Amino acid sequence: MNLYAEIATLVAEGRPFVLATVIESAGSTPQKPGSKMVVLEDGSLRGTVGGGAIEFQIIEAARALLRSPERTRTLETHLTHELGMCCGGRMKVFLEKQEAPARLTLYGAGHVSQEVAALAHRVGFRVTVVDARAAWASHERFPGCEVRVEDPADHARACQPDGHDFFCITTHDHPLDQAVLEALLPKPGAYLGVIGSERKAARFRMRLEAAGFSAEALARVRSPMGVTIGGLTPQEIAVSIVAELIQVRRGA
């Protein structure tokens, strides 16, 4: 049961891992069906499936799975013939990947952001909301999300994302939207969107070009955000935005 508690902690922390489960064994083997082990990205372990050469093989296979687009693999090994172990048995191990949830940062805590945050959280994003207005950026308005009461532009300048981060810019102020966008454009990310009309998007592109941003950088910006469904209410707009986030996350 301690292993399950550790798995729950890893999931809550958003850390990727592989769960290795012995599903079949024959002959003399170090562990029997049902034995489990968790392998993290750095090769550290929770639990064991027997140690020695077989465990090393499973660790390497699990780390390779974390780097691949696959979600599961099955590893079948004869301990003597393939690994030179004295046991003489055979083990089949099922590897199942638990990926880190995609991180979504919402700049602005207005009505659309509130709806986007709720829906994105329900479909598996780990959501952070950033707004300097404490009355808007509250845990009551954004349950299940990390809430940062600070200037969005300052947060954008200081953040250190990787290629898996998603960003939606929905502040209450157009100059602030542009400041956040300018701070994020040089940084990696899976998605960078700005709420607004086609006219607003065109003006932003013109200003960013004048500021020296390349066409390649500007091509990353999704503005207006969301798939085209003709949404008008905050709830409908949120559906269109989250649909686009899912498209990118799933590589559709």
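Okay, quick definition before anything else: when I say helix or strand, I mean a DSSP run, H or I over at least four residues for a helix, E over at least two for a strand. On that basis, the chain has eight helices and eleven strands. And keep in mind that this is a predicted model.

So, overall shape. The radius of gyration is 23 Å, while the globule rule gives 18 Å for 252 residues, so the chain is more spread out than a compact globule. If you lay the C-alpha trace along its principal axes, you get spans of about 70 × 40 × 35 Å.

What about burial and contacts? Of the 252 residues, 42% count as buried. Take the contacts between residues at least 6 apart in sequence, and 56% of them join residues at least 24 apart.

On the outside, the chain exposes about 12800 Å², and 52% of that comes from carbon and sulfur atoms. For charges, count 28 positive side chains and 29 negative ones, with the centres of the two sets 2 Å apart.

Now the rings, which is the part I wanted to show you. How many aromatic pairs does a search of the whole structure find? Three. Let's start with Y107 and F167. Their ring centres are 6.4 Å apart and the planes sit at 20°; planes under 30 degrees apart count as stacked, so this pair is stacked. Y107 belongs to strand β6, residues 103–107, and F167 to strand β9, residues 165–169, so the pair ties together parts 60 residues apart in sequence. Buried or exposed, these two, Y107 and F167? Both are buried.

Next up, F166 and Y191. Again we have a stacked pair, this time at 6.2 Å centre to centre with 20° between the planes. F166 is in strand β9, and Y191 is in strand β10, residues 191–194, so to speak a link between distant parts of the chain, 25 residues apart. F166 and Y191 are buried as well. There's also a cluster here: ring pairs link F125, F166 and Y191.

Last stop, something on the surface. R199 sits in helix α6, which covers residues 198–210. With a relative accessible area of 61%, R199 is exposed, the cut-off for that being over 50%. If you want a landmark for R199, try S223: the residues are 24 apart along the chain, and their C-alpha atoms are separated by 9.9 Å.

That's my tour, thanks everyone.

Technical notes. Residues numbered from 1 in each chain as written. Predicted model: local features only at pLDDT ≥ 70, side-chain atom pairs only at ≥ 80, totals over all residues. Heavy atoms only, no water. Rg over C-alpha atoms; globule rule 2.2 N^0.38 Å. Buried < 20%, exposed > 50% of the residue type's maximum accessible area, 1.4 Å probe, protein only. Contact = heavy atoms within 4.5 Å. Areas by Shrake-Rupley, 256 points an atom, 1.4 Å probe, with all protein chains shown as cover. Lys, Arg positive; Asp, Glu negative; His and termini not counted. Charge placed at Lys NZ, Arg CZ, Asp CG, Glu CD. Phe/Tyr/Trp six-rings, centres within 6.5 Å; stacked < 30°, edge-to-face > 60°.
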